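Me: Could you walk me through this one, starting with the ligand site and then the packing?

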Amino acid sequence: FAALFEPYTLRSVTVPNRVWMAAMCQYSAEAFGPNAGVAGDWHFAHYAARATGGTGLIIQEATAVSPEGRISPYDLGIWNDTQVEALRRITGFLKARGTVPGIQIAHAGRKASTDRTWKGGAPVGPDAHGWQPVAPSAVPFAEGHPVPDELTIDEIAEVTGQFAAAAERALAAGYEVVEIHGAHGYLIGEFLSPHSNRRTDAYGGSFENRTRFALEVVDAVRAVWPEELPLLFRISATDWLEEEGWTADETVRLARLLQEHGVDLLDVSTGGLAPGVTIPVGPGYQVPFAARVKAETTLPVAAVGLITEPGQAEKILANGEADAVLLGRELLRDPFWARRAAEELGAPIRTPEQYHRSW
Ligand SMILES: CCCCN1C=C(C(N)=O)CCC1
């Protein structure tokens, strides 16, 4: 027996195991023109490999709800029907392999319009297909980053609508799980944190006001996402800024509200809001935050962050610290991690029939 290879049911969806792929930006789409943000062969091969490798749920990389919501010009998007058409090829293959297809829908906020990480990740201007970022407040992410435009109340409502439209397109594209990106210092996280949110209207100041946008996005997505399909939320449990930023205490409070608003599981990461903070990075360094939410609320959680070994992953579940584990870079290094872990733990993985369903 291995907890890692027990199926997990969320609403009407049964994920075959607890080895899940975390959303990870690949910055590999075209940056401009009619194919901007459209998935290609590269994306198909990337996700197909991890499905064939036995991963139970794949959460596709941050897929932008609008062009200006991209992190880089090379991000995937789900703001038009051309993008939907191309994504159907990925979801069809994943389902045929018995892997649940998920998608992270995202808006980058003040961290938008930056270059690919392997090119340094610096802000890019119009000459490099960049654009003017937006945010809750006119506070730049860091030195050398542009001062973002402060969103008006009407513009906030417009972005909320873009998240709902993205969820409708995700359904049309064949996804069975949607994850709202509320982590890593992007737009939703920028509203949560008092470090980036200096607003004095109904969206800033108190905990209720700073969490208003996140909950409005959840409500708007839930209103269009089928009742029988799961909705996930990714959060940075802490900004690592002590009391000056978003804290683990606030994460526990928000987790309860997210569950009331129809979120089925919380994907618990950390950081990304401010540069130059000290993060105690190490094997499973974020697991304690997932464990705390699981211990203090009834919302299921997934743990992520330097989880690389089958025994390490099994222990997180056996200790009741999380309901599933998310692998990121480890799945870049080894697309077949799940099958290898099943061998190592002596657990059965999917049957041949489960790999060869009709498309
Ligand atoms: C604070 C962790 C940041 C890890 N990254 C997250 C990204 C994301 N889109 O959430 C993209 C760049 C790296």
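Reply: What follows covers the ligand and its surroundings and then the nonpolar cores, bearing in mind that this is a predicted model.

Me: Where does the ligand sit?

Reply: The ligand sits in the largest pocket, and the residues around the ligand are Cys 25, Tyr 27, Ile 71, His 181, His 184, Tyr 186, Thr 270, Gly 271 and Gly 272.

Me: What does a polar side-chain atom of His 181 lie 2.9 Å from?

Reply: That partner is an oxygen atom of the ligand, while an N or O atom in the side chain of His 184 is 2.6 Å from an oxygen atom of the ligand. For Tyr 186, a polar side-chain atom lies 3.3 Å from a nitrogen atom of the ligand.

Me: And how much of the ligand does the protein bury?

Reply: The ligand taken alone exposes 360 Å², of which the protein buries 63%.

Me: Switching to packing, how many residues has the largest nonpolar core?

Reply: That core has 103 residues, and those with the most contacts inside it are Ile 180, Val 221, Phe 233 and Leu 266. Another core, of 10 residues, lies apart from it and includes Ala 31, Ile 71, Trp 131 and Tyr 186.

Me: Which residues does Leu 266 touch?

Reply: Leaving out residues up to four places away in sequence, Leu 266 touches Phe 233, Ile 235, Ala 255, Leu 258, Val 293, Leu 299, Pro 300, Val 301 and Ala 302.

Conventions:
Residues numbered from 1 in each chain as written. Predicted model: local features only at pLDDT ≥ 70, side-chain atom pairs only at ≥ 80, totals over all residues. Heavy atoms only, no water. Core = buried A, V, L, I, M, F, W, Y, C linked by side-chain atoms within 4.5 Å. Buried < 20%, exposed > 50% of the residue type's maximum accessible area, 1.4 Å probe, protein only. Contact = heavy atoms within 4.5 Å. Near = heavy atom within 4 Å. Polar contact = N/O pair within 3.5 Å; in protein donor to acceptor, adjacent residues only side chain to side chain. Areas by Shrake-Rupley, 256 points an atom, 1.4 Å probe, with all protein chains shown as cover. 1 Å grid on protein atoms, 1.4 Å probe; cavity = no way out; pocket = protein on both sides within 12 Å on 5 of 7 lines; lining within 4 Å. Sits in = over half its atoms within 2 Å of the grid points.
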